[in-house]
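Good morning, colleagues. Please turn to the sequence and the structure on the screen, and I shall take you through one part of them.

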Amino acid sequence: MPAVPAGSYYQQGQGPSCWDRVKLGFMMGFSVGMATGALFGGFTALRYGLRGRELMNNVGKVMLQSGGTFGTFMSIGAGIRC
């Protein structure tokens, strides 16, 4: 399989648009927030003594909340830099 030539996604001399940068900032922030939420939410839920379904529901909720929050702030930061 041949390598993708440089500049095939964007025209020569052009970078990603501002909207692409905002989307990328949100995706990066969301993934970092999800990982952080898994760590902190998991340890907190285990500390409270949650097990089984309660543990998974609580950790999933914390992951989505922290991912959405951090993703929003990262996308705002990327939008400001445009």
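Cys 82 belongs to the segment that follows α2, the helix of residues 52-81. Please bear in mind that this is a predicted model. Is Cys 82 buried, exposed or partly exposed? Its relative accessible area is 46%, and because the partly exposed class lies between 20% and 50%, Cys 82 is partly exposed.

Which residues does Cys 82 touch, once those up to four places away in sequence are set aside? They are Cys 18 and Arg 21. A further relation concerns Val 22, which is 60 residues from Cys 82 along the chain; the C-alpha atoms of these two residues are 8.6 Å apart.

Let me now turn to the helix itself. α2 comprises 30 residues. From its first C-alpha to its last it reaches 43 Å, close to the 44 Å expected at 1.5 Å a residue.

Which residues of α2 are buried? They are Leu 55, Val 59, Gly 67, Gly 71, Ser 75 and Ala 78. The partner against which the buried residues of α2 pack is α1, residues 18-47.

I shall take one of these residues as an example. Ser 75, in helix α2, has a relative accessibility of 13%. Buried means under 20%, so Ser 75 counts as buried. With neighbours within four places in sequence left aside, Ser 75 is in contact with Val 22, Gly 25 and Phe 26. Val 22 thus appears a second time: as a contact of Ser 75, and as the residue whose C-alpha is separated by 8.6 Å from that of Cys 82.

Key:
Residues are numbered from 1 along each chain as its sequence is written. This is a predicted model: local features need pLDDT of at least 70, side-chain atom pairs count only at pLDDT 80 or more; totals for chains, interfaces and linings use all residues. Side-chain values use heavy atoms; hydrogens and water are left out. Helices (H or I, at least four residues) and strands (E, at least two) are DSSP runs, numbered from the N terminus. Buried means under 20% relative accessible area, exposed over 50%, partly exposed in between (1.4 Å probe, protein chains only). Contact means heavy atoms within 4.5 Å. The expected span of a helix is 1.5 Å times one less than its number of residues.
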